[in-house]
Amino acid sequence: MNLLEGRVALITGGARGQGRAHALTCARAGADVVLLDVPDRLRSVGYPLGSEADLRDTAAQIEALDRRVLTVRADVRDRDAVDAAVAQALEDFGRIDILIANAGIWTRAAFWELDDDAWDEMLGVTLTGTWRAAKAVAPHMIAAGRGSIVVTSSINGLEPGRQYAHYTAAKHGLIGLMKAMALELAPHGIRCNAICPGAIHTPMTDHQAVWDLFAGHEGGTKEEMMESGYHNHALKGATFLPPQVIADAALYLNSDLASAVTGAVLPVDAGHLLLPGVNPHPVR
């Protein structure tokens, strides 16, 4: 179904992972796509971020779907770069109907062991970067009298995570930001909602630090991580989820099917939040 036919979607963190799933889903639904990402390193992040090759590959897949695509290398923490990306999108496509504020990072440490860079990079990319992107597109959406913004929070926006103080703070903050934006933008016909992903299998969660975390010991394997994932979900057969489940939720929220939905927080977590802790008897 061409649920987004004729629309333009701007996606932050669009080079790979959930961002790529959002981009391709929007394109399949009929939208042209603006991909904003920063293929680079951050001091506090131990895993590789998206690369220029990732960005080019995602763009090529969108073009193969016969949709137009604009790629912009920009850091969501940089106001001028984000504003310039939005201006370029408006020049090329004439409109921005959808913002999927997806850019985010993941690191882990006890809150008293976090250094300033780890805290500042987490809040800067995940929370402030979302505000900057929404701030940049809002005037155009207000002038058009329409628009949809989807913010990527997390189940850690609804519950804490051990050694995730900065991540938990950023993701809780996104829900508060989303609700404030939804309230302020509603009179202008613009909807704003948040998705709270559970454990999603992307490059951000597929490296040694995450394998060790879910295996419960150093030298963990991907297989141990995936096995542990069964204990984090209530639904039969659910371990780490594919990013497509998040893109499908965003497609609904950005489409006319959700025309009366704003200010909503949608967990997509295979029932994780239903559990009192871990699932001791997973059904596969």
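## Thr168 and its surroundings

In this predicted model, Thr168 makes contact with Asn156, Glu159, Pro160 and Gly161, leaving aside its neighbours within four places in sequence. The residue belongs to helix H5, which covers residues 165-185. With a relative accessibility of 11%, Thr168 counts as buried, because the limit for that class is under 20%.

## His272 and the segment after S7

Glu159, a contact of Thr168, is also touched by His272. Not counting residues up to four places away in sequence, the other residues that His272 touches are Ile155, Asn232, His233 and Ala234. His272 is found in the segment after S7 and is buried, its relative accessible area being 12%. Between the C-alpha atoms of His272 and Arg43 there is a separation of 31 Å, the two residues being 229 residues apart along the chain.

Ala270 lies in the segment after S7 as well. The relative accessible area of Ala270 is 12%, and the residue is therefore buried.

## Positive phi values

Most residues other than glycine have a negative phi. Against this background, two residues deserve mention. Ala270 has a phi near 50°, a positive value in a residue that is not glycine. Gln163, likewise not a glycine, has a positive phi near 65°.

Gln163 is located in the loop between S5 and H5. Its relative accessibility of 31% places Gln163 in the partly exposed class, whereas Ala270 is buried.

## Nonpolar cores

The largest nonpolar core comprises 51 residues. Within this core, the residues with the most contacts are Val34, Leu99, Ile105, Ile149, Val151 and Met181. Helix H4, spanning residues 116-144, gives the most to the core, contributing 10 residues. Apart from this core lies another, of 30 residues, which includes Ala23, Leu55, Ile100 and Ala270.

Leu99 illustrates the packing in the largest core. Not counting residues up to four places away in sequence, Leu99 touches Leu10, Thr12, Ala133, Ala134, Val137, Met141, Ser148, Ile149 and Val150.

## Packing of helix H8

Helix H8 runs over residues 244-254, and its buried residues are Ile246, Ala247, Ala249, Ala250, Leu251, Leu253 and Asn254. These buried residues pack against one helix, H1 (17-28). They also pack against strands S4 (98-101), S5 (147-152), S6 (190-197) and S7 (265-268).

## Overall architecture

The secondary structure of the protein consists of 8 helices and 7 strands. For a chain of 284 residues, a compact globule would have a radius of gyration near 19 Å; the protein has 18 Å and so agrees with that expectation. The C-alpha trace spans about 50 × 40 × 35 Å along its principal axes.

Of the 284 residues, 54% count as buried. Contacts between residues at least 24 apart in sequence make up 74% of those between residues at least 6 apart.

## Surface and charge

The accessible surface of the protein amounts to about 12,500 Å², and carbon and sulfur atoms account for 54% of this area. The protein carries 24 positive and 33 negative charges, and the mean positions of these two sets are 4 Å apart.

Technical notes. Residues numbered from 1 in each chain as written. Predicted model: local features only at pLDDT ≥ 70, side-chain atom pairs only at ≥ 80, totals over all residues. Heavy atoms only, no water. Helix = DSSP H or I, 4+ residues; strand = E, 2+ residues; numbered from the N terminus. Rg over C-alpha atoms; globule rule 2.2 N^0.38 Å. Buried < 20%, exposed > 50% of the residue type's maximum accessible area, 1.4 Å probe, protein only. Contact = heavy atoms within 4.5 Å. Areas by Shrake-Rupley, 256 points an atom, 1.4 Å probe, with all protein chains shown as cover. Lys, Arg positive; Asp, Glu negative; His and termini not counted. Charge placed at Lys NZ, Arg CZ, Asp CG, Glu CD. Core = buried A, V, L, I, M, F, W, Y, C linked by side-chain atoms within 4.5 Å.
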